[in-house]
Amino acid sequence: MAFRLSVAHLKGGVGKSTTTVFLAEMLAVNYDLRVLVVDLDPQANSSFMLLSRAGVEDAERQGKLLPKFLIDLYESPRPQLNIADYIITGASDLEELQTRSAKGRVDVLASLPMLWFVDNALEKRACSENVDAGEMLKSALGQHLAQVEPFYDLIIFDCPPGFTALTRAGLLSVEAVLSPTIADSVSGRSLNDFVQIGLQRLTNGQAPAHYVAISKYVRNSTDRREVDWLRRSYDVLDPPIRFSVAMTRAMERLRPDSYRSVRE
């Protein structure tokens, strides 16, 4: 059975998608893991990083998207719906994962901004049925992901900021949660509310294992104080991930036929 991990935080811009893609690719390259990224974030940053804009648009033409799967599931039900038909295989552009000898791989259930409207429709549907939209979506995703789970070692849910049905579904589906955060006061307070209010209430105090990764770190006195506070308050993974323009650019895929190497 695949291990399930959500990458989540109340605040946007803290590095959730970058962390998702970096983690997926490095585990595939260095540990031969078969990884599925489920892009629950309508901002679709993970999808664009892995596939490029043209690649996401090609996936849209093929109907291989998470929002299309949810529409087919709830609005135009199809017999024998198979979530594998919506997954893009071999999504990473790392040269190390393109060789015949490569055992690891990164696949993606991609997203688009239209997922915001699908999320809104799900909230309305759940309200009419007097159920929680997050629970409803978690059950549906869990049932269908079980079809493909034997083919993966790890499933990573890239959750949107806030606490929408999409985020709640991702948090309810996993064994562990990873929260990338910037070492500043706003991100720290958002993280505190995410853990103490969001996670605790959602899971009735039975929250999954929770870890923090400090992202976009800049060595200065303010950041050091925030880092010290984070380490006292949470299970922080070290070392902090330094801010790097080069790394940010390296995560951007320009075209479906462009490739890069971990050595770059």
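Two strands pair if DSSP finds at least two bridges between them, and I kept that rule beside me while going through this predicted model.

**Entry 1, the sheet.** I began with the strand order and found seven strands forming an open sheet, in the order β3-β2-β4-β1-β5-β6-β7, with parallel pairing. I then looked at the edges, where β3 (105-109) and β7 (236-237) stand with a single partner strand each, so one side of each is left without a neighbour in the sheet. As a general reminder to myself, strands of a sheet pair through backbone hydrogen bonds, either parallel or antiparallel.

**Entry 2, strand β1.** I turned to β1, which covers residues 3-7, and noted that four of its five residues are buried, which leaves the strand mostly covered. On one pairing I counted five bridges from β1 to the parallel strand β4 (residues 154-158), and on another I found three bridges to β5 (residues 176-182), also running parallel to β1. Which residues are the bridge partners of Val7 in β5 and in β4? In β5 the partner of Val7 is Leu178, while in β4 the partner of Val7 is Asp158. I also looked up Leu5, and this residue stands opposite Ala176 in β5.

**Entry 3, strand β5.** Is β5 mostly covered or mostly uncovered? I find β5 mostly covered, with seven of its seven residues buried. Taking the two faces separately, I listed Ala176, Leu178, Pro180 and Ile182 on one side, and Val177, Ser179 and Thr181 on the other, all of them buried. Next I followed β5 to strand β6 (residues 209-215), to which seven bridges join it in a parallel arrangement, and there Val177 stands opposite His210.

**Entry 4, Thr19.** I wanted to know what meets the side of β5 that carries Leu178 and Pro180, and I looked up Thr19, a residue of helix α1 (residues 16-31). Leaving out residues up to four places away in sequence, Thr19 touches Leu178 and Pro180. Why does Thr19 count as buried? Its relative accessibility is 11%, and buried means under 20%.

**Entry 5, strand β2.** I checked β2 (residues 34-39) against β3 and found five bridges joining the two strands, which run parallel. Within this pairing, the bridge partner of Val38 is Leu109 in β3.

**Entry 6, nonpolar cores.** The largest nonpolar core has 50 residues, and those with the most contacts inside it are Leu40, Leu66, Phe69, Leu70, Phe157 and Phe194. Helix α6 (residues 133-145) gives this core its largest share, which is six residues. I followed up Phe194 and, again leaving out residues up to four places away in sequence, wrote down its contacts as Ala8, His9, Leu10, Phe163, Leu171, Val177, Ser179, Leu199 and His210. Apart from the largest core lies another, of 28 residues, with Leu50, Leu51, Leu94 and Ala213 among them.

**Entry 7, α5 and α7.** How do the axes of α5 and α7 cross? The axes of helix α5 (residues 115-128) and helix α7 (residues 165-172) come within 9 Å and cross at roughly 80°, and I therefore recorded α5 as roughly perpendicular to α7. In this contact, Leu115, Asp119 and Glu123 of α5 meet Ala165, Leu166 and Arg168 of α7. Sorting the residues of the contact by type, I have three nonpolar, no polar and three charged.

Terms used. Residues are numbered from 1 along each chain as its sequence is written. This is a predicted model: local features need pLDDT of at least 70, side-chain atom pairs count only at pLDDT 80 or more; totals for chains, interfaces and linings use all residues. Side-chain values use heavy atoms; hydrogens and water are left out. Buried means under 20% relative accessible area, exposed over 50%, partly exposed in between (1.4 Å probe, protein chains only). Axes are lines fitted to C-alpha atoms, for helices over the stretch in contact, and angles run from 0 to 180 degrees between N-to-C directions. Angles under 35 degrees count as roughly parallel, over 145 as roughly antiparallel, 65 to 115 as roughly perpendicular and the rest as oblique. Contact means heavy atoms within 4.5 Å. Ala, Val, Leu, Ile, Met, Phe, Trp, Tyr, Cys and Pro count as nonpolar, Asp, Glu, Lys and Arg as charged, and the others, Gly among them, as polar. A nonpolar core is a set of buried Ala, Val, Leu, Ile, Met, Phe, Trp, Tyr and Cys residues joined through side-chain atoms within 4.5 Å.
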